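User: Could you take a close look at one part of this model for me? I'd like to start with the strand pairing and then see what sits around it.

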Amino acid sequence: MRWFIALVLSFLAAPVAAKDAPVETFNLWAKAMPGSGAPTGPEKVGKAGAGEGAVTNVTVPRMAIFRPAKPNGAAVLVIGGGGYFRIQIASAAVPTAKWLAARGITAVVLYYRLPGDGWNADAPFQDGQRAMRLLRSNSKRLSIDPKRIGVLGFSAGGHLAGTLATRGAFDFYAPADATDRISAVPDFTAMIYPVVSMRTPIDTTRTARELKVLPAYRNAFSVEAHVTPATPPVFLAHAMDDPIANVEHSKRMQAAMQAAGRPVEMHLFESGGHSFGLGKPGTPVAAWPGLFYSWGVRNGWFAATSVKP
């Protein structure tokens, strides 16, 4: 066990050029990973079109940690979307991580296994749980408060974030060590143009297609079906003209949270489409990061900052 602890604490640090914050990588699994399957070939990064900068064929699930110069104790696990067949790293996850780090928040980009690459369909949830647990178990080393760790996901990443919020205590894999006995439920959750439901008539997403092989997937993986009085607070942002994830996904999540008496804040924008990331400056959806940050400050997770929200 000592060798495992040493490996975890080492974080497998690998510096990467980044002017906004130093980066180190941390593999999620020291030994065998739960589940089955594997991609064909090495990890790939998309070069063109909607897939530009998106990662596929993830063989080593890991976290890229953006550590701010002056951490304020908060941390956010950032999960890019991509329908569980790719991960929008360059267009959404990394820019958001740098934006958060500039405001004193330790931002952690998740590289998770994808069903679309041949992994077991519940591999994203196994990796998401493991990431949350590792962040809490290493909170002292990272200068973060274990009670101020949130998750922020885009599209399918929003589905994964919502699943951690509502089913983080469910055993998606058998515990392998002491870390796996730590809570995987985030303290707060942001879901940006998320996929939420597997139920009709909004079950038309690639996310739903990748998960339909799982038992009773329509109910088991409809996030809104698992909201309880214990679900952590949720922030939602969605464009009403989204052609991929109908705005009804966010509306269903909001309704479920309200029915359970849980805090929820939703922002709907007239236009913006899908996959807008931080939002192009000057567009309506570009307001969501500031709104999210203000929400975090009001709730005590983030510290007030002189950096413009």
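Analyst: Strand S3 (residues 54-56) pairs with S6 in the antiparallel sense, over 2 bridges. Within that pairing, Val55 stands opposite Ile87 in S6. Keep in mind that this is a predicted model. Zooming out a little, the two strands belong to an open sheet of 3 strands, in the order S2-S3-S6 and with antiparallel pairing. Strand S2 (44-45) and strand S6 (87-88) are the edge strands, each pairing on one side only.

Now for the nonpolar side of things. The largest nonpolar core has 78 residues, and those with the most contacts inside it are Met63, Leu77, Val109, Ile192, Trp288 and Phe292. Helix H2 (residues 89-101) gives the most to this core, with 8 residues. Another core, of 9 residues, lies apart from it and includes Met191, Val196, Val227 and Met257.

Val109 is a handy one to click on. Setting aside neighbours within four places in sequence, its contacts include Met63, Phe66, Val78 and Ile89, and also Ala93, Val94 and Ala97.

Back to H2, which has a helix partner too. H2 and helix H9 (residues 288-298) pack with their axes 12 Å apart, at an angle of about 45°. That angle makes H2 oblique to H9, and the crossing is right-handed. On the H2 side, the contact is made by Thr96, Trp99 and Leu100, while H9 brings Trp288, Pro289, Gly290, Phe292 and Tyr293. Two of those H9 names should ring a bell: Trp288 and Phe292 are among the residues with the most contacts inside the largest core.

Methods:
Residues are numbered from 1 along each chain as its sequence is written. This is a predicted model: local features need pLDDT of at least 70, side-chain atom pairs count only at pLDDT 80 or more; totals for chains, interfaces and linings use all residues. Side-chain values use heavy atoms; hydrogens and water are left out. A nonpolar core is a set of buried Ala, Val, Leu, Ile, Met, Phe, Trp, Tyr and Cys residues joined through side-chain atoms within 4.5 Å. Buried means under 20% relative accessible area, exposed over 50%, partly exposed in between (1.4 Å probe, protein chains only). Helices (H or I, at least four residues) and strands (E, at least two) are DSSP runs, numbered from the N terminus. Contact means heavy atoms within 4.5 Å. Two strands pair if DSSP finds at least two bridges between them. Axes are lines fitted to C-alpha atoms, for helices over the stretch in contact, and angles run from 0 to 180 degrees between N-to-C directions. Angles under 35 degrees count as roughly parallel, over 145 as roughly antiparallel, 65 to 115 as roughly perpendicular and the rest as oblique. A crossing is left-handed if the near helix is turned anticlockwise from the far one by less than a right angle, and right-handed if clockwise.
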